[in-house]
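Hi everyone, thanks for making the time. I'd like to walk you through a structure, so please have a look at it on the screen.

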Amino acid sequence: MDLLNTLVDKGLRRETPTREEALAVLRTSDDELLDVVAAAGKVRRHWFGRRVKLNYLVNLKSGLCPEDCSYCSQRLGSKAGILKYTWLKPDEASKAAAAGLAGGAKRVCLVASGRGPTDRDVDRVSDTIKAIKEQNEGVEVCACLGLLSDGQAERLREAGADAYNHNLNTSEATYGDITTTHTYADRVETVQKAHAAGLSACSGLIAGMGESDEDLVDVVFSLRELDPDSVPVNFLIPFEGTPLAKEWNLTPQRCLRILAMVRFVCPDVEVRIAGGREVHLRTMQPLALHLANSIFLGDYLTSEGQAGKADLEMIADAGFEVEGADQVTLPEHRAAGAGGCGSHAGAGGCGSQEGEEASGCGSHEGAGCGSHEGGGVCGTGAAVPAAEPRTDLVAVRRRGAGTDLAPNA
């Protein structure tokens, strides 16, 4: 296909595709799907080889969020039967993080529900970051606490945080249909504060909320301009007890096309398959590794994920390798802070645009650091047609952080 050849050439040059080209990827047929995966895979391998970065979520404070994000099981008014608890102590959070690191994770993502942290909350998280860093040499720590006030990003950086997550989630045009208690611009401002403080920005999206192809392209192009180092792609898990419980709009093929489109638009950025991969990609998860170079290991914030051992086996069986702590995730030009999400001489690059994600602020499953509420136990239950809801794959997390049971890592 001329389209795919063009997109590969642009991806290898870090050149921005056109909106029409991005839309065309989403509208390819199932007969063309493997060609799309192969083309995007060339771009992925050029910038990231066959490495897969593992990330591990620790839910520091679960539930009882005052925000009304429709996708989130922790939202105001949620009837989802999730775990609810207040702040974990630093030693409890560090113990939870250690399980993920022992399983091969390179980055720990510390997430807390809520609109945003108070200064006391920042002190708590700072103590937790220090505890994790003291006990685990070389670990990366990403915080995801919602909307930041002035000076808070700097304090997190001083405490040792490496990154901050706040997703855009959906297009600016449809944001008000998903959340009313804060704005798209609020999210953008927090990502910009993280950038300004010297934190690596992590910002992504949630697919499957009833958005159009145009909405998906809009949010990904906005992310490109916002210039995050990592872009988590969440696939909505319609959690019972939330307003979007009936939104089962995704197929494995649709998910792969979305990931391919993100890779073409942001070729040299860490693209992470976040929440919902087990529920919506199911047995096609290994193909997604040809598009993304990062995943979450084990469970998410309020839902179960695939067993950590199964994640590692999947990576090895697909011919990929887990990225080591001594390896640099980003290409040299980005790691040195020289390039943007696909920035290319004269190509516009990524710089500013409204966007963000609320971790705390209505964190989606996997929220912080990009995951979505969902997880499910991959492959369980009788075979069901792709168009049918797979509620059998959605399970509330009952282990790990906030419980007395061992975590899934």
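Let me start with a question: which residues of helix 2 are buried? Helix 2 runs over residues 19-26, and its buried residues are Glu21, Ala22, Leu23, Val25 and Leu26. One thing to keep in mind as we go is that this is a predicted model.

So what do those buried residues of helix 2 pack against? They pack against helix 1, residues 2-13, and helix 3, residues 33-48. Further along the chain, they also pack against helix 9, at 213-226, and helix 10, at 252-265.

Let's follow one of those partners, helix 3. Helix 3 has 16 residues and spans 22 Å from its first C-alpha to its last, close to the 22 Å expected at 1.5 Å a residue. Its buried residues include Leu33, Val36, Val37, Val43, Trp47 and Phe48. Arg44, a charged residue, is also buried in helix 3. Right after helix 3 comes Gly49, with a positive phi near 60 degrees.

Now let me zoom out to the whole protein. You are looking at 14 helices and 10 strands. Of the 409 residues, 64% are buried. If we take the contacts with a separation of 6 or more, 80% of them join residues 24 or more positions apart. As for the outside, the accessible surface comes to about 14100 Å², and carbon and sulfur atoms account for 49% of that.

Next, the pockets. Rolling a probe the size of a water molecule over the atoms shows where empty space is left. The largest pocket holds about 400 Å³ of space. Which residues lie nearest its centre? They are Arg107, Asp162, Ser200, Asp229 and Leu330, out of 22 residues in the lining. Strand 5, at 200-202, and helix 14, at 332-335, each contribute at least two residues to that lining. By class, the lining has 10 charged, 7 polar and 5 nonpolar residues.

The second largest pocket has about 250 Å³ of space. Its lining is made up of 14 residues, and those nearest the centre are Glu92, Lys95, Ala96, Gly400 and Thr403. How many of the lining residues are nonpolar, polar and charged here? The split is 7 nonpolar, 3 polar and 4 charged.

That's my tour. Thanks for listening, and I'm happy to go back to any part of it on the screen.

Definitions and conventions: Residues are numbered from 1 along each chain as its sequence is written. This is a predicted model: local features need pLDDT of at least 70, side-chain atom pairs count only at pLDDT 80 or more; totals for chains, interfaces and linings use all residues. Side-chain values use heavy atoms; hydrogens and water are left out. Buried means under 20% relative accessible area, exposed over 50%, partly exposed in between (1.4 Å probe, protein chains only). Helices (H or I, at least four residues) and strands (E, at least two) are DSSP runs, numbered from the N terminus. Contact means heavy atoms within 4.5 Å. On a 1 Å grid over the protein atoms alone, a cavity is a set of points where a 1.4 Å probe fits but cannot get out, and a pocket is an open set with protein on both sides within 12 Å along at least five of seven lines; lining residues have an atom within 4 Å of a point. Grid points are joined across faces, edges and corners, and a volume is the space filled by probe spheres set on the points. Accessible areas come from the Shrake-Rupley method with a 1.4 Å probe; for residues, only the protein chains shown count as cover. The expected span of a helix is 1.5 Å times one less than its number of residues.
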